[in-house]
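The following note is offered to a colleague examining the structure shown below. The points are grouped by topic and may be checked against the coordinates.

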Amino acid sequence: MSRATSRLSFIGRLEGLPIGVVLAVLYVVFIFTAPAVFTGYRIYMSFFQTVPPLLVLGIGLTFVITAGEIDLSFPAVVALSGFVFTWWFKNFQTPLIGFVLALASGALVGYINGLLVARLRVPSIMATLAAQFFWYGVTVLIAGGLQIDIAAIVPTTIHTIFVGRLFGVFPVQALWSLGLVVFFWFILNRHKFGEAIMFIGDNAEVARVMGINVEGTRIRLFTLNGVIAAFAGLLLTMEINVFFPTQGTAFLLSVMAAVFIGGTSIAGGQGVLVGTFFGSYIIGSLEAGVVASGIGGYWVQLVEGLVMAASVILNVVIGEGGVSMLSRAARKWAVPSPAPGEASGGKDTA
């Protein structure tokens with residue numbers, strides 16, 4: 001029995017496993033309830049097309065939350081970077097320069113957020129909430145509240161590289177998002193920058209005593225998140241071939257849901273990028289799957305809430321000590337405790 005418990009404990013320590021199980025079960029349910037849709041490849045290609053911007057945003061937010069902070073400004077960065085790229089391309093027809101400038105705009109927003117949080121000691125929730133309103137307002141103002149079509153971007157090399165179709169079918173942005181998950185997993189778990197982020201998330205004062213530059217790390221962290229959010233905005237803008245001022249607003253709650261159901265601790269100190277990967281595809285697949293299954297539109301949010309709650313609960317249960325707790329409970333239920341008279345071989349010692 002102890003060997004079985006040991007195996008279960010090992011499984012429980014596999015990063016992102018509970019959410020991966022939820023995603024697999026979800027797709028199995030969709031295959032049975034909507035076989036005409038989920039036994040074909042097109043629906044999965046659709047997910048690979050639409051989920052990557054959400055996943056990329058989730059990567060950056062995972063880092064920020066691991067450090068015990070929050071960033072609510074990334075939807076505005078998605079819109080701002082999309083506008084910068086679109087405006088430059090429409091006026092100068094040099095998409096590569098527009099791409100770099102868009103990333104720089106995200107870095108600028110993130111750097112200012114970092115200065116507010118690290119130097120001026122403004123709580124990150126307030127600093128980034130103010131940034132969300134400010135930069136969203138700036139974007140709407142300079143865009144005149146209008147959407148801008150950039151269909152001419154499709155034949156360009158940069159469009160093919162970032163949002164083209166591999167073999168004419170597979171969306172390339174899915175590979176970019178997966179590659180970023182792998183790259184930043186190593187940064188978070190195998191690099192001193194990731195180690196510093198985790199220490200700061202656990203206890204900033206202890207991290208400072210250990211020689212970590214807490215202020216500098218926070219500034220780099222928010223700057224990094226700004227660049228990542230800008231990249232997500234670029235993927236979105238090039239995929240739909242149009243900029244519209246509100247294109248980032250729909251991501252706020254969905255990205256936060258993907259990160260938290262993926263297992264990243266809201267208290268900081270622990271980031272689970274593999275869980276964010278699975279969580280993003282859960283969030284990105286739910287609505288389409290529920291609708292395809294024939295469930296009425298009024299039930300969609302209810303089912304989404306149940307799946308999210310199940311994901312969080314499973315993460316808690318299959319956590320540190322959770323598997324062994326379940327194992328002990330199962331043994332207790334399977335093998336009832338002996339009656340008082342049976343404890344001594346059935347003899348009454350009175």
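1. Orientation of α9 and α12. The model under discussion is predicted. Helices α9 and α12 are roughly antiparallel to each other, because the angle between them exceeds the cut-off of 145 degrees. The axes of α9 (residues 172-190) and α12 (residues 214-240) cross at roughly 165° and come within 11 Å. The crossing of these two helices is left-handed.

2. Contact between α9 and α12. On the α9 side the contact is made by Gln173, Trp176, Leu180 and Phe184. Their counterparts in α12 are Leu224, Ile228, Phe231, Leu235 and Glu239. By residue class, the contact of α9 with α12 comprises seven nonpolar residues, one polar and one charged.

3. Thr217. A further residue of helix α12 deserves attention, namely Thr217. Is Thr217 buried or exposed? With a relative accessible area of 3%, Thr217 is buried, since buried means under 20%. Leaving aside residues up to four places away in sequence, Thr217 touches Phe193, Ala196, Ile197, Ile200 and Ile212.

4. Aromatic pairs. How many aromatic pairs does a search of the whole structure find? The search yields 25. One of them joins Tyr44 and Phe47, whose ring centres are 6.4 Å apart; the planes stand at 85°, so this pair is edge-to-face. Both residues belong to helix α4 (residues 42-66), and because they are three residues apart there, about one helical turn separates Tyr44 from Phe47. Phe47 counts as buried, at 3% relative accessibility.

5. A second edge-to-face pair. The rings of Trp87 and Phe92 have centres 5.8 Å apart and planes at 70°, and the pair is therefore edge-to-face. Trp87 is partly exposed, its relative accessible area being 41%. Phe92 likewise counts as partly exposed, at 44% relative accessibility.

6. An aromatic cluster. Which residues do ring pairs link into a cluster? The members are Tyr27, Phe30, Phe38, Tyr44 and Phe47. The edge-to-face pair of Tyr44 and Phe47 described above thus has both its residues in this cluster, so the two descriptions may be read together.

7. Positive phi at Gln93. The phi angle of Gln93 is near 60°, a positive value in a residue other than glycine. Gln93 is placed in the loop between α5 (74-92) and α6 (95-118). Its relative accessible area is 49%, and Gln93 is accordingly partly exposed.

8. Positive phi at Arg121. Arg121 also has phi near 60°, again a positive value in a residue other than glycine. Where does Arg121 lie? Arg121 is found in the loop between α6 and α7 (124-143). At 52% relative accessibility, Arg121 counts as exposed, because the cut-off for that class is over 50%.

9. Gln301. Helix α15 (residues 300-317) holds Gln301. At 66% relative accessibility, Gln301 counts as exposed. A separation of 9.3 Å is found between the C-alpha atoms of Gln301 and Leu286, which are 15 residues apart along the chain.

Technical notes:
Residues numbered from 1 in each chain as written. Predicted model: local features only at pLDDT ≥ 70, side-chain atom pairs only at ≥ 80, totals over all residues. Heavy atoms only, no water. Axes fitted to C-alpha atoms, helices over the stretch in contact; angles between N-to-C directions. Helix = DSSP H or I, 4+ residues; strand = E, 2+ residues; numbered from the N terminus. Parallel < 35°, antiparallel > 145°, perpendicular 65-115°, else oblique. Left-handed = near helix turned anticlockwise from the far one by under 90°. Contact = heavy atoms within 4.5 Å. Nonpolar A, V, L, I, M, F, W, Y, C, P; charged D, E, K, R; others polar. Phe/Tyr/Trp six-rings, centres within 6.5 Å; stacked < 30°, edge-to-face > 60°. Buried < 20%, exposed > 50% of the residue type's maximum accessible area, 1.4 Å probe, protein only.
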